[in-house]
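Student: I would like to take a close look at a single part of this model, the surroundings of the ligand. Could you please guide me through that part in detail?

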Amino acid sequence: MTVTIVGSQLGDEGKGALVDLWGGDADIVVRYQGGDNAGHTVVEGGEEYKLSLVPSGAVRDKVGVLGNGCVVNPRTLFDELDGLQERGLDPDVRVAKRAHVILPYHRRLDGIEEEVKADSGVKVGTTGRGIGPTYEDKAGRRGIRIGDLLDPEVLRDRLEYAVEQKRSLIEDVYGLEAGDECDVDALHEEFAEFGRRLEENEMVVNCSDFLHQRRQEGDSLMFEGAQGTLIDIDHGNYPYVTSSNPTAGAAATGSGVGPTVVGQGEVVGIVKAYLSRVGEGPMPTELDGTDHEESLADFIREKGGEFGTVTGRPRRIGWVDMPMLRHASRVSGFTGIAVNHLDVLAGLEEVKVGHAYELDGEEIETMPATTERWAACDPVLKEFEPWPEVDWAEVAEEGYDAIPDAAQDYLDYLSEEVGAPVYAIGVGPDRAETVELTNPFDR
Ligand code: IMP
């Protein structure tokens, strides 16, 4: 049995809480893409854990796997593991030998390219973690993989080739000075040491084989997508995207489990009850046009804690964008959805949804495939009856019927438009503050 969790919007939908809730029924939680750009906050028993690389499930005693589709910064990995250990946890994390390694020069180049792009007004607003340059090297067949860290000679050969190329990019193309990030000896020493540590702690796996064997033994898997559909490099609003595929198809390629296995399981889209965006790019339902909209956005931002986990940046806020959700549901084949942060909208005087777009005088219900056309869309808003503030902890305890009627109507609408039932509703940040209708592992 597998359950795949996918962000339906622009990331930060609160996937961690659901991964954590349902991950309890999985034996293994697998990340299949992305790296330490993926801020997730897991609240467990009143304790808050902020992670960017380690799979959320590792907080709950599950085996956490970073699949071959991930890009791994060993500095972050060991910082997070050490931090969890200091707080009394003993996370079991495995890393695919085929996963690519983020090196210091990737972060440097991420920063340089963003600055250059900013001068031409085409900045992506990346997290600065070196994600894009690492995936570039992967596709350019000059990447360094986790398996290479275990063999000092191979590591040196690969570094010598890659670093020369980075140095000339930094110096000859950008006219800057290369620094420590291009010191082959220092990189070799530090990263070979990471290799030793990974091996010593038996963290390195042949991911496909490992997962296959564990499935044969009857283990169930959860695939934890990072980021969201609209920042998927293929299905998102290119170029304002990350460099991997957060959508469900990548659960197969990014872990070495067949698509039939993922497809026979459940695919749950995580939806935030409003929209947030960190970074550049269009957002047709953004609340930023008038003072009134801005104060609504400020209210939602503060109440929902909409500040980047990784970067601390305030997130842009908007209403739910339905063409976006229809697209997300199609691309990943949602079998169910979970709607988070329903409590954040409580007590507002108005609740709206971008039901469709108006583009060139026509009403459309699908997102245009180019970012420029998407940016030209005006939202066709649908208004909902607002719901009052209630004691959400009590709602969480009592269950679905305790959710105010107007909020239930809102959920029905989302479910109908997306074409998938609501499996869970988040009404507060703690895992216990979730109203569960269906556990996908029981289906
Ligand atoms: P990168 O992944 O750091 O290259 O950033 C590319 C784009 O994806 C930027 O717009 C980032 O803000 C966005 N992004 C990356 N990771 C996340 C995330 O976990 N949540 C929300 N946005 C993200």
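Tutor: In this predicted model, the side chain of Arg313 has an N or O atom 3.3 Å from an oxygen atom of the ligand. Two further side chains belong beside that one in the description. For Asn37, the distance from an N or O atom of the side chain to a ligand oxygen is 2.9 Å. For Thr127, the corresponding distance is 2.6 Å. Each of these pairs counts as a polar contact because its two atoms lie within 3.5 Å of each other. As for the cover that the protein provides, the ligand taken alone exposes 470 Å², and the protein buries 97% of that area.

The wider surroundings can now be described. There are 18 residues around the ligand, and those that come nearest are Asp12, Asn37, Thr127, Thr242 and Val278. Asn37 and Thr127, whose side chains were described above, are thus among the nearest residues. By character, the shell around the ligand divides into nine polar, seven nonpolar and two charged residues.

The second largest pocket may be described in a similar manner. Its volume is about 210 Å³. The lining of this pocket consists of 13 residues, and Gly69, Tyr135, Lys138, Asn245 and Thr253 lie nearest its centre. Two elements, helix H4 (131–139) and helix H9 (249–253), give two or more residues to the lining. H4 gives the most, with three residues. The lining of the second largest pocket divides into eight polar, four nonpolar and one charged.

Definitions and conventions:
Residues are numbered from 1 along each chain as its sequence is written. This is a predicted model: local features need pLDDT of at least 70, side-chain atom pairs count only at pLDDT 80 or more; totals for chains, interfaces and linings use all residues. Side-chain values use heavy atoms; hydrogens and water are left out. A residue is near a molecule or strand if one of its heavy atoms lies within 4 Å of it. A polar contact is a pair of N or O atoms within 3.5 Å; within protein, one must be able to donate a hydrogen and the other to accept it, and residues adjacent in sequence count only if both atoms are side-chain atoms. Accessible areas come from the Shrake-Rupley method with a 1.4 Å probe; for residues, only the protein chains shown count as cover. Ala, Val, Leu, Ile, Met, Phe, Trp, Tyr, Cys and Pro count as nonpolar, Asp, Glu, Lys and Arg as charged, and the others, Gly among them, as polar. On a 1 Å grid over the protein atoms alone, a cavity is a set of points where a 1.4 Å probe fits but cannot get out, and a pocket is an open set with protein on both sides within 12 Å along at least five of seven lines; lining residues have an atom within 4 Å of a point. Grid points are joined across faces, edges and corners, and a volume is the space filled by probe spheres set on the points. Helices (H or I, at least four residues) and strands (E, at least two) are DSSP runs, numbered from the N terminus.
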